[in-house]
Amino acid sequence: MPEALVIGAGQAGGPLAGALAGAGWSVTLVEREHAGGTCVNEGCTPTKTMIASAHAAHVARHSAALGIHTGGVRVDLGQIVDRVQGIVDSFRDGSEAGIVRAGVKLIYGSARFTGVREVEVALNSGGTQHLRADSVFINAGARPRLPEVPGLAEVGVMTSRDILQLRDLPSHLLILGGGYISLEFAQLFARLGSRVTVIDTGPRLLPREDEDVAAALRQVLEGEGVSFVLGAHLARAERNGGEVALHLTGQDGEQTLSGSHLLVAVGRIPNTETLNVQATGAALDKQGFIVVDDYLQAAEGVYALGDIKGGPAFTHISYDDFRMVRDAVLHGQQRRVSGRLVPYTLFTDPQLGRVGLDRQQAQGLDRPTRIYTLPMTSVARAIETGATAGLMRAVVDDQTDQVLGVTVLGPEGGEIMSALQLAMMGGLTATTLRNATLAHPTLSESINNLFMGVPEVVRGEAVAAD
């Protein structure tokens, strides 16, 4: 009977352990803290649950624009957190029950490699246990990074994990970092009633996105009261009475910002510093992520899955890592990491859904492309629901008429993007999508209108679609 050791019960480790056990393997899974990984415990599940509460508060405050007049809105953050924790507990318990039900031996503790496919586990209950296996699968994840800035460790900073436990609203929330996680929390707490200021070193938000897309989202957030200080570097931090004071330098000179709470969201680092993965023959890159090949193998019989291997840090990528490794190990079916699409959604309101190329990436291609852009102000369903901020964009190969990428900033942007991703996977052309009969009035119907527009031509003359 083959023996497997899985380290980490995240969105790759838990399902993989169950699949291997179901195939007759003897499987041991070592988890340091919670089944379900970052997504269930401190990522997707709790944040999107809180965002739903913030959305309800926002709708209630602005319902008069739709002819609905309500009384004052009162936010009970403690009740919101209790609801969040109840859902997290349910999902976590379900993950753990599924692992155990599959016949996996689940051990809670911290693993450290002592040799090739050999580990020592410091058990949470006390003592140690030594394990070895024929194959090892590492899904130990990543955690928020705290920059080394004078005074920062002493002022009582919060990470994306800590802020989920607050039961009283910050009067003024400072957020260090202007990335995807930061913007979700910025809008969330602004809608709950906090004053929010976001500080980032870059000259603009979201440099991976087209500039007009990032600018449109910034305009929405500023309209909801979020302030931005860009091009600013944190020189030092201190606690001044009951507040946190950040001393900044940058394009506007020196300035000091003070707030009641500080959230630091400047990236994540892998949980590899205590694993000693080098004992397996695997290597770490300069950021500490496990180096893998195109099939997720780090060394002979050793695989790394999810955030700990670097690359796109999304739950759906971690789960797809599980499927890739499962199919390779159990069925001999090899699939390359480099061949998959990587979609993602930023759960602000409006949502930002993205897959494949955007305009700025299309400009770097060696072949002509057409760029179709449709403002949400031209989408009937968006007008009817009063949600016209944003735009839709598609990049199309000018010779093949194939869709190369989609960006949707708008209501349910992630859902519209996913529909277009399926079209990309199925090889549907822009002409087919333009002429498709889609239900009216839906947001997805705007796909027709997107490809009816006059495209912008990048690198070459446009070739008319049939």
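The following dialogue examines helices, salt bridges and nonpolar cores in a predicted model.

Trainee: Which helix gives the most residues to the largest nonpolar core?

Mentor: This core has 38 residues, and F189 and V196 touch the most other members. Several elements each supply at least two residues, among them α3 (44-61), α4 (77-101) and β9 (195-200). The element that gives the most, with seven residues, is α5.

Trainee: Which residues does F189 contact, leaving aside its neighbours within four places in sequence?

Mentor: Contact here means heavy atoms within 4.5 Å. With those neighbours set aside, the partners of F189 are M50, I163, L169, P170, L173, S194 and V196.

Trainee: How many residues does the second, separate core have?

Mentor: Its members include Y372, M392, V396 and A430. The number of residues in this second core is 23.

Trainee: What distance does α7 reach from its first C-alpha to its last?

Mentor: The helix α7 has 17 residues, and at 1.5 Å a residue the expected value is 24 Å. The model comes close to that expectation, with a reach of 23 Å.

Trainee: Against which elements do the buried residues of α7 pack?

Mentor: The buried residues of α7 include I317, F322, M324 and V325. Charged residues such as D320, D321 and D327 are also among them. The elements they pack against are α1 (13-22), β6 (135-138) and β17 (302-304).

Trainee: Is D320 buried or exposed?

Mentor: D320 and R323 meet through their side chains in a salt bridge of 3.0 Å, N to O. The two are three residues apart in α7, so about one helical turn separates them. R323 is partly exposed, with a relative accessible area of 34%. Buried means under 20%, and D320 has 8% relative accessibility, so D320 counts as buried.

Trainee: How many residues apart in sequence are the parts that D397 and R367 tie together?

Mentor: The side chains of D397 and R367 form a salt bridge of 2.6 Å, N to O. D397 lies in strand β21 and R367 in the loop between α8 and β20, so the parts tied together are apart in sequence by 30 residues.

Trainee: What is the combined accessible area of the nonpolar surface patch formed by L341, L422 and M425?

Mentor: L341 is placed in the loop between α7 (315-331) and β18 (344-346). At 34% relative accessibility, L341 counts as partly exposed. Together with L422 and M425, L341 forms a patch whose accessible area is about 310 Å².

How values were computed:
Residues numbered from 1 in each chain as written. Predicted model: local features only at pLDDT ≥ 70, side-chain atom pairs only at ≥ 80, totals over all residues. Heavy atoms only, no water. Patch = residues over 30% accessible without salt bridge, like charges linked within 9 Å, V, L, I, M, F, W, Y side chains within 5 Å. Areas by Shrake-Rupley, 256 points an atom, 1.4 Å probe, with all protein chains shown as cover. Salt bridge = Lys/Arg side-chain N within 4 Å of Asp/Glu carboxyl O. Helix = DSSP H or I, 4+ residues; strand = E, 2+ residues; numbered from the N terminus. Buried < 20%, exposed > 50% of the residue type's maximum accessible area, 1.4 Å probe, protein only. Core = buried A, V, L, I, M, F, W, Y, C linked by side-chain atoms within 4.5 Å. Expected span 1.5 Å × (residues − 1).
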